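Reader: I should like to go through this model with you before I set anything up. Could you take my questions one at a time?

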Amino acid sequence: MPHDIKQECLWIVRGYGRRKKAYRALVEQIMHGPQPGDGMPRDSSVGNPTESKAMRLAALEQYPEVQRMRAVERSLEKVGADIEEEGIRRKLRRALLLNCESGRKYPFEYLDMPGISRMDFYRRKERFLCDIAYQMNLTQVGTVHAQ
């Protein structure tokens, strides 16, 4: 994968926690925020509040920040698919996120990944980042996506 694309994917992963928190806050606001009839100014159309919420939630999914968050989530789901034990898969996913956040602070040697070699860990990280690049259309189809 080209260095600049890898760096872009790393920044997408680094912003995952912030994006997830902001997304949850927006969903909460949509679901429990001010509703028609609460004294807040609205347009003159009369509508179904549930339908309005569904439309706003659907529109939220189209935001670029939400699409970046979803790309990380979909890629994380694929990590460790070949590992039977759920606990090890979960630990691997967490280790990848930490390593992407700061490879210097969380190198493989500090992550305690029994049964996974250093080389295997970094191959999985590369596939994870390639999958994000593919989902975000950061390069031509087929040139970055690793299976």
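Reader: What covers the buried residues of α5?

Author: The model is a predicted one. In it, the cover over the buried residues of α5 includes α1 (3-14), α4 (64-78) and α6 (118-135).

Reader: And which residues are buried in α5?

Author: They are R89, L92, R93, A95, L96, L97, L98, N99 and C100. Helix α5 itself covers residues 86-101, and its 23 Å from first C-alpha to last is close to the 22 Å expected.

Reader: Turning to cysteines, how many disulfides are there?

Author: The count is 0 disulfides.

Reader: Why is there no bond between C9 and C130?

Author: The sulfur of C9 has its closest cysteine sulfur in C130, 7.6 Å away, and that is too far for a bond. A disulfide would need the two sulfur atoms within 2.5 Å.

Reader: Are those two buried or exposed?

Author: C9 is buried, at a relative accessible area of 0%, and C130 is buried as well, at 4%.

Reader: Now the aromatics. How many pairs?

Author: There are 3 aromatic pairs. In one of them, F108 and F121 have ring centres 5.4 Å apart and planes at 45 degrees, so the pair is tilted. F108 belongs to the loop between α5 and α6 while F121 is in helix α6, so this pair ties together parts 13 residues apart in sequence.

Reader: Which residues form a cluster through ring pairs?

Author: F108, F121 and Y122 are linked that way.

Reader: Where does R14 lie?

Author: R14 lies over the face of W11, 4.6 Å from the ring centre. R70 lies over the face of Y23, at 4.7 Å.

Notes: Residues are numbered from 1 along each chain as its sequence is written. This is a predicted model: local features need pLDDT of at least 70, side-chain atom pairs count only at pLDDT 80 or more; totals for chains, interfaces and linings use all residues. Side-chain values use heavy atoms; hydrogens and water are left out. Buried means under 20% relative accessible area, exposed over 50%, partly exposed in between (1.4 Å probe, protein chains only). Helices (H or I, at least four residues) and strands (E, at least two) are DSSP runs, numbered from the N terminus. The expected span of a helix is 1.5 Å times one less than its number of residues. Contact means heavy atoms within 4.5 Å. Rings of Phe, Tyr and Trp (its six-membered ring) pair if their centres lie within 6.5 Å; planes under 30 degrees apart count as stacked, over 60 as edge-to-face and the rest as tilted. A charge sits over a ring if NZ of Lys or CZ of Arg is within 6 Å of the ring centre and within 35 degrees of the ring normal.
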